[in-house]
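Student: I would like to learn how to read a structure model step by step. Could we take a few features in turn, with the general idea before the case?

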Amino acid sequence: MKKNFIPILVILLVIIMMAAFFILNPDASQEVLVELGLAEPPLDAYPASGLIEGEASTVSTLSGGKVIALYVSEGDLVQEGDRILAFDTELIESEIKVKEAELAALEAQKAMLEAIPAEVDTNILDRTIDLAKLSLETAEGALEDYEETPSEAFDEISKALLQSQIDSARADLEKAEAQRDSLLNAVSDEEIAQVDAGIQAKEFEIAQLLDALLKHTVMAPMDGVVTELTVDVGENSLPVMPLFKITSMSKLELTVYIPEADLNWVEVGQEITFEIDGQPGTFFPGVVTSIADEAEFTPRNVQTPEERTV
């Protein structure tokens with residue numbers, strides 16, 4: 001009995017020593033598993049699936065409008081300041097003309113109010129009415145021009161905006177005519193203050209339109225790749241509606257899904273190089289920053305063909 005116990009003890013000691021050796025030397029244990037055919041040998045290039053993510057910026061504008069040109073496509077590399085798209089400016093230019101005519105009418109109205117009623121020249125009264133009529137005619141002419149264009153180039157938003165301009169110009173004309181009728185009455189400081197407020201409002205509106213005119217071409221806010229375009233030529237973009245997305249390539253995060261059996265070949269802090277399907281032959285440097293504590297299911301959209309099942 002004692003003779004049989006000794007060989008068993010020796011075998012147990014050998015097993016314990018081998019287990020301790022493999023625990024302390026994972027590379028050696030992997031080599032043994034490779035020799036036994038229980039694991040794949042290390043590869044110079046390891047094929048894997050994953051996701052590359054970077055800092056992204058979604059761009060919109062406060063004005064919106066009809067897109068008349070796209071200068072890029074999804075996937076294009078761009079630099080800060082490159083042209084991305086352009087809006088139609090015809091409607092903005094027409095609105096600026098209307099607002100300028102309305103401003104001139106208000107300024108002429110203020111000049112009349114500040115004049116001594118008994119000394120007011122009839123020409124000033126006529127000039128106020130003429131400017132108000134010009135504003136109305138300009139707005140009505142713009143609407144007629146749009147109605148004569150093909151239907152696909154004229155939408156309900158444009159029509160409603162022009163009709164609003166016409167209503168505003170007609171109200172200004174009626175106001176100017178009423179002012180002429182009551183001009184010989186005493187003018188109060190409150191009335192002049194109201195006209196001043198109207199002038200300031202018109203100047204602010206014109207400044208906004210001029211700013212929108214300058215911004216009719218939308219530029220890239222940073223270097224990167226155009227990863228998404230949400231508009232196309234001919235479409236109308238509403239204010240603050242997302243137009244496109246640019247992803248910076250300066251700092252990327254690569255998430256790779258690796259089978260548990262191959263985790264011995266990866267460790268935190270390990271320097272790697274990798275290439276992607278879209279740019280074969282181009283290698284990018286990287287560092288392993290973390291390894292998940294728990295296994296995850298590989299998303300279907302990044303699985304390898306061998307891992308996908310119907």
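Tutor: We will go from the overall fold to a helix, then to salt bridges, and end with the sheets.

Student: How many helices and strands does the chain have?

Tutor: Please keep in mind that this is a predicted model. The chain has six helices and 10 strands, and 27% of its 310 residues are buried. When contacts between residues at least 6 apart in sequence are considered, 70% of them join residues at least 24 apart. The accessible surface comes to about 21,000 Å², with 56% of that area belonging to carbon and sulfur atoms.

Student: What span should the 26 residues of α6 have, and how far apart are its end C-alpha atoms?

Tutor: The idea is to multiply 1.5 Å by one less than the number of residues. For α6 this gives an expected 38 Å, and the end C-alpha atoms are 38 Å apart, so the two values agree. The helix covers residues 189–214, and its buried residues are Ile192, Val195, Ile199, Lys202, Ile206, Leu209 and Ala212.

Student: Lys202 is on that list of buried residues; which residues does Lys202 touch, leaving aside those up to four places away in sequence?

Tutor: Lys202 touches Lys99, Glu102, Leu103, Leu106 and Ser168. Lys202 counts as buried because its relative accessible area is 10%, where the cut-off for buried is under 20%. The side chain of Lys202 also makes a polar contact with the side chain of Glu102, at 2.5 Å.

Student: How should I read a pair such as Glu102 and Lys202, whose side chains meet in a salt bridge?

Tutor: Side chains of opposite charge can pair when their charged atoms come close. Here the salt bridge between Glu102 and Lys202 has an N to O distance of 2.5 Å. Because Glu102 lies in helix α3 and Lys202 in helix α6, the pair ties together parts that are 100 residues apart in sequence. Glu102 counts as buried because its relative accessibility is 2%.

Student: Where does Lys99, the other salt-bridge partner of Glu102, lie?

Tutor: Lys99 and Glu102 both lie in helix α3 (residues 90–114), three residues apart, which is about one turn of the helix. Their side chains meet at 3.9 Å, N to O, and Lys99 is buried, with a relative accessible area of 12%. Lys99, Glu102, Lys202 and Glu205 are linked in a network of salt bridges, while a search of the whole structure finds seven salt bridges.

Student: Are Lys245 and Glu228, which also form a salt bridge, buried or partly exposed?

Tutor: Lys245 is partly exposed at 27% relative accessible area, and Glu228 is partly exposed at 33%. The closest N and O atoms of this pair are 3.8 Å apart. The pair links Lys245 in strand β8 with Glu228 in strand β6, 17 residues apart.

Student: In what order do the strands of the sheets run?

Tutor: Strands of a sheet pair through backbone hydrogen bonds, either parallel or antiparallel. One open sheet of four strands has the order β1-β8-β6-β3, with antiparallel pairing. β1 (49–59) and β3 (77–78) each have a single partner strand, so one side of each is left without a neighbour in the sheet. β3 pairs with β6 over two bridges, and Val78 stands opposite Gly224 in β6. Another open sheet, also of four strands with antiparallel pairing, has the order β5-β4-β2-β7. Its edge strands are β5 (217–219) and β7 (236–237). Two bridges join β2 to β7, and the bridge partner of Lys66 in β7 is Asn236.

Key: Residues numbered from 1 in each chain as written. Predicted model: local features only at pLDDT ≥ 70, side-chain atom pairs only at ≥ 80, totals over all residues. Heavy atoms only, no water. Buried < 20%, exposed > 50% of the residue type's maximum accessible area, 1.4 Å probe, protein only. Contact = heavy atoms within 4.5 Å. Areas by Shrake-Rupley, 256 points an atom, 1.4 Å probe, with all protein chains shown as cover. Polar contact = N/O pair within 3.5 Å; in protein donor to acceptor, adjacent residues only side chain to side chain. Pairing = 2+ DSSP bridges. Salt bridge = Lys/Arg side-chain N within 4 Å of Asp/Glu carboxyl O.
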